[in-house]
Amino acid sequence: MQVPWEAEMTCIALALLALMVQTEAGSETYEGKVAVAYVAINRAEMSGRSLQSVLTQFRQFKLDTRLAPSEETLAAARTAFYRRVPDPTHGADHFLNVPLERSRTGTVPQWYDERYVTATVGVHTFLKLGGF
């Protein structure tokens, strides 16, 4: 039996989303993982691009293929993908671990602008910046 193309794309998108969440927020709470997943989904919707293309765009999200997503990460990715809970980021399309970034570089990236912060969940600050 052949798998429908749409179902295959859904499986690939979910797998990539879970991998990104594990890489970017693997040590976060469940809510933090859901929030990080929503950012990629929001960005795909706002840009009119597929989730796969957003997740694999150069220098946007980290995808460490050496990691295996945990059950909690897979559940968080599914929760965001199927919108089983409201978006805790309130439409954010960017996120940053501000304390970690400041400890590594002494500052935050140029694109970071506190005026566009929509939420803080766990260690991540979420922003709605657009323009990607």
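Val117 has its bridge partner in strand β3, and that partner is Leu127. I begin with this pairing in what is, I should state at once, a predicted model. The two strands concerned are β2, residues 117-121, and β3, residues 124-127; they pair in the antiparallel sense over four bridges. Two residues lie between the strands of this hairpin, and Gly122 there takes a positive phi near 65°.

Let me stay with β3 for a moment, since Thr125 has its place in that strand. Is Thr125 buried or exposed? Its relative accessibility is 10%, below the 20% limit, and therefore Thr125 counts as buried. Which residues surround it, once neighbours within four places in sequence are set aside? Thr125 is in contact with His94, Phe95, Leu96 and Val98, and also with Tyr112, Val117, Ala119 and Thr120.

I turn now to the overall architecture. The protein comprises five helices and three strands. Along the sequence, these elements follow the pattern α-α-α-α-β-α-β-β. The radius of gyration is 15 Å, close to the 14 Å that the globule rule gives for 132 residues, so the protein is as compact as a globular protein of that length. The C-alpha trace spans about 55 × 30 × 30 Å along its principal axes.

Of the 132 residues, 43% are buried. The exposed surface of the protein is about 7600 Å², and carbon and sulfur atoms supply 54% of that area. As for contacts with a separation of 6 or more, 71% of them are between residues 24 or more positions apart.

Next, the interior. The largest nonpolar core has 29 residues, and those touching the most other members are Leu17, Met20, Leu51, Leu55, Phe61 and Phe126. Which elements give two or more residues to this core? They are α1 (5-25), α2 (30-47), α3 (51-55) and α4. Helix α2 provides the largest share, namely nine residues. A second core, separate from this one, has five residues, including Val98, Val108, Tyr112 and Leu127. Leu127 is thus a member of that second core as well as the bridge partner of Val117.

Leu51 merits a closer look within the largest core. Not counting residues up to four places away in sequence, Leu51 touches Ala13, Leu17, Ala40, Ile41, Ala44 and Phe81.

Phe81 leads us to helix α4, residues 71-81. Which of its residues are buried? They are Thr73, Ala76, Ala77, Thr79, Ala80 and Phe81. After α4 comes Arg83, whose phi is positive, near 50°.

Finally, the aromatic rings. How many aromatic pairs does the count give? It comes to three. Phe81 and Tyr82 form an edge-to-face pair, with 5.0 Å centre to centre and 85° between the planes. Why is Tyr82 classed as partly exposed? Its relative accessibility is 44%, which lies between the 20% and 50% limits, so Tyr82 counts as partly exposed. Phe81, by contrast, is among the buried residues of α4.

Ring pairs also link Phe61, Phe95 and Phe126 into a cluster. Two members of that cluster have already appeared in this talk: Phe61 and Phe126 are among the residues that touch the most other members of the largest core. Phe95, for its part, is one of the contacts of Thr125, which returns us to strand β3.

Note on methods:
Residues numbered from 1 in each chain as written. Predicted model: local features only at pLDDT ≥ 70, side-chain atom pairs only at ≥ 80, totals over all residues. Heavy atoms only, no water. Phe/Tyr/Trp six-rings, centres within 6.5 Å; stacked < 30°, edge-to-face > 60°. Buried < 20%, exposed > 50% of the residue type's maximum accessible area, 1.4 Å probe, protein only. Core = buried A, V, L, I, M, F, W, Y, C linked by side-chain atoms within 4.5 Å. Contact = heavy atoms within 4.5 Å. Pairing = 2+ DSSP bridges. Rg over C-alpha atoms; globule rule 2.2 N^0.38 Å. Areas by Shrake-Rupley, 256 points an atom, 1.4 Å probe, with all protein chains shown as cover.
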